[in-house]
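Colleague: I would like to learn how to read a protein model, one feature at a time. Could we begin with charged side chains?

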Amino acid sequence: MNPFLQDAIVFAPELILLVGALGALIAGTYLQDGYAAAQRLAYITFAGALIVLLSAPAGGAVSFGLNFAATAATQFAKIWVMAACIGTLALSHHALGRLQVQRAEFPVLILLSALGMCLMISARDLLALYVGIELQSLTLYILAAFVRQSEQSAEAGLKYFVLGALSSGLLLYGISLLYGATGTIQYESLIRFISSGAPNMAVTLALVFILAALAFKISAAPFHMWTPDVYQGAATPITAFFTTAPKVAGAMVLLQLLAGPLAGAHAVWAQILWATAALSLIVGAFAALMQQNIKRLLAYSTINHVGFLLMAILAGGQDGNAALLTYLAIYVVISLGAFGAILLLQQEGEAAEMLTDLRGLSKRRPRIALAFAVLMFALAGVPPTAGFISKMYVLLATMHAGYNWLAALGVVTSVVAAFYYLRVIKLMYFDDAPVSNVMPSIRPSRRLTALLFLTVALTFILMIMPSAIIGPATAAAQSIGY
């Protein structure tokens with residue numbers, strides 16, 4: 001087979017996203033209803049990429065030399081990135097219309113961001129990884145400030161850009177140090193060099209800079225400072241996107257680096273990851289107790305969940321890797337549902353900005369209140385929801401790897417975090433709404449309603465039939481490492 005054609009087949013999902021993004025940009029520019037055309041084309045593009053990913057063989061293959069690879073693990077992660085992107089598009093239509101920012105640039109930016117995430121996940125070269133991260137990051141900066149008439153949105157975009165530029169500099173400096181110490185940026189060559197002996201000072205410093213930069217990208221403490229402000233300032237569907245797809249891509253990049261080229265420096269990075277996971281668990285659990293804004297609360301909830309992701313990466317091995325993939329998939333489902341509930345409330349006339357806006361919600365919007373309550377239980381990890389399965393799997397993998405104290409900390413912080421999730425339920429079911437909060441009933445969006453109750457159904461289905469997600473995750477985890 002022609003080498004270029006072989007590369008194109010392996011790289012097909014990324015090529016589909018690239019062509020779709022360019023097509024959406026042209027459609028949005030030249031067609032009369034550019035936003036609707038770009039939105040439809042984005043749906044078609046993501047569907048096409050999903051079909052290719054689901055039908056691709058599970059075996060590993062490389063493309064463009066050794067710069068990119070397609071394995072069962074990369075396919076699994078990309079499928080959930082696509083799912084998060086489709087969910088974001090479904091959440092965004094009415095919300096962007098209400099904010100008067102239905103512009104064709106939005107689906108184009110989502111497509112380009114997804115392309116960057118897929119490049120990150122498939123990268124087998126540090127320069128290719130950097131290009132993917134920067135493509136993702138630049139689109140996320142723009143999305144954070146997408147509501148141009150909002151001061152909060154502009155502030156969120158500026159903060160994200162400034163701090164993101166710092167993290168990109170740290171990453172590039174770490175890569176340059178690693179190249180200077182090893183003479184290579186390809187994963188396979190790095191494996192041979194780092195595994196051949198104890199890492200020297202240059203490699204150790206490079207690891208610190210690279211891990212710090214990636215911790216920023218996934219909102220891990222103590223590099224989480226941008227997260228609450230950006231989540232609060234960005235439009236709600238954009239916050240839902242930040243919560244899901246970038247976390248899948250960032251966690252997969254971190255896992256593949258630490259299980260592959262940097263595995264020989266385990267003694268160095270394990271200590272950093274242990275401390276980062278512990279800090280994320282603590283900050284995410286305790287800082288959320290003081291929050292009054294719903295999106296800020298969910299931002300600190302995200303930081304707590306990132307702590308569980310880092311626990312799974314630290315556990316490593318077949319169990320840890322499978323636990324990570326399982327956790328990511330379930331987390332995407334629950335998070336999309338939680339933000340879908342907020343958006344549905346806002347569409348029906350509720351403020352749904354502060355926690356006090358939820359008082360007496362069960363009397364005004366009983367169906368949405370019930371769905372939101374189920375999703376809060378799922379985020380807390382309470383059975384019989386899928387959140388229980390994901391947390392239990394990570395805790396078991398962490399204990400099997402010998403990190404019993406970290407697992408114990410995960411249990412304690414989960415109990416603390418349950419307080420603010422239960423507080424939301426208490427406000428909805430046991431508090432009376434002020435007269436000013438009683439809103440007239442408005443016909444809900446069918447698209448948002450369907451997405452919300454689909455995610456609620458999945459939280460129960462994946463608990464009743466855990467093999468539906470654990471099986472594919474375990475199979476995909478076998479392809480991680482070298």
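Colleague: With which residue does Lys159 form a salt bridge, and how far apart are the closest N and O atoms?

Modeller: Keep in mind that this is a predicted model. The general idea is that side chains of opposite charge can pair when their charged atoms come close. Here Lys159 pairs with Glu155, and the closest N and O atoms are 2.9 Å apart.

Colleague: How many residues separate Lys159 and Glu155 in helix H7?

Modeller: They are four residues apart in helix H7 (residues 151-182), so about one helical turn lies between them. Lys159 is partly exposed, with a relative accessible area of 28%. Glu155 is also partly exposed, at 43%.

Colleague: Which side chain does Arg296 meet in a salt bridge?

Modeller: Arg296 meets Asp229, with 2.8 Å from N to O. This pair links distant parts of the chain, 67 residues apart: Arg296 is in helix H13 (residues 294-315) and Asp229 is in helix H10 (residues 227-233). Arg296 counts as buried because its relative accessible area is 18%, which is under the 20% cut-off. Asp229 is partly exposed at 27%.

Colleague: Which residues are linked in a network of salt bridges?

Modeller: The network links Glu155, Lys159, Asp229 and Arg296. The two pairs we just discussed belong to it.

Colleague: What is the N to O distance in the salt bridge of Asp431 and Lys426?

Modeller: The distance is 3.2 Å. Asp431 is buried, with 16% relative accessibility, whereas Lys426 is partly exposed, with 41%. A search of the whole structure finds eight salt bridges.

Colleague: Next, cysteines. How many disulfides does a search of the whole structure find?

Modeller: A disulfide is a covalent bond between the sulfur atoms of two cysteines. In this structure the search finds zero.

Colleague: Why is there no bond between the sulfur of Cys85 and the closest cysteine sulfur?

Modeller: The closest cysteine sulfur to that of Cys85 belongs to Cys118, and at 7.8 Å it is too far for a bond. Seen from the other side, the closest cysteine sulfur to that of Cys118 is the one in Cys85. For the bond to be counted, the two sulfur atoms would have to be within 2.5 Å. Cys85 is buried, with a relative accessible area of 0%, and Cys118 is buried with 0% as well.

Colleague: Let us turn to single residues inside helices. Is Gly250 buried or exposed?

Modeller: Gly250 is buried, with a relative accessible area of 5%. Its place is in helix H11 (residues 236-259). Leaving aside residues up to four places away in sequence, Gly250 touches Met120 and Ile218. The C-alpha atoms of Gly250 and Phe209 are 15 Å apart, and these two residues are 41 positions apart along the chain.

Colleague: Which residues does Thr276 touch, not counting residues up to four places away in sequence?

Modeller: Thr276 touches Ala220, Ala221 and Leu310. It is part of helix H12 (residues 266-286). With a relative accessibility of 9%, Thr276 counts as buried.

Colleague: And the surface? Which residues make a nonpolar surface patch of about 390 Å²?

Modeller: That patch is made by Phe460, Ile461, Ile464 and Met465. Met465 sits in the loop between helix H19 (446-464) and helix H20 (467-477). It is partly exposed, with a relative accessible area of 46%. For the chain as a whole, about 17,900 Å² is exposed, and carbon and sulfur atoms supply 70% of that area.

Colleague: Finally, the overall picture. How many helices and strands are there in the chain?

Modeller: The chain has 20 helices and two strands. Its C-alpha atoms fill a box of roughly 70 × 55 × 40 Å along the principal axes.

Colleague: What radius of gyration does the chain have, and what would a compact globule of 482 residues have?

Modeller: The chain has 21 Å, which agrees with the value near 23 Å for a compact globule of 482 residues. Buried residues make up 60% of the 482 residues. Among contacts with a separation of 6 or more, 80% are between residues 24 or more positions apart.

Technical notes. Residues numbered from 1 in each chain as written. Heavy atoms only, no water. Patch = residues over 30% accessible without salt bridge, like charges linked within 9 Å, V, L, I, M, F, W, Y side chains within 5 Å. Areas by Shrake-Rupley, 256 points an atom, 1.4 Å probe, with all protein chains shown as cover. Salt bridge = Lys/Arg side-chain N within 4 Å of Asp/Glu carboxyl O. Buried < 20%, exposed > 50% of the residue type's maximum accessible area, 1.4 Å probe, protein only. Rg over C-alpha atoms; globule rule 2.2 N^0.38 Å. Contact = heavy atoms within 4.5 Å.
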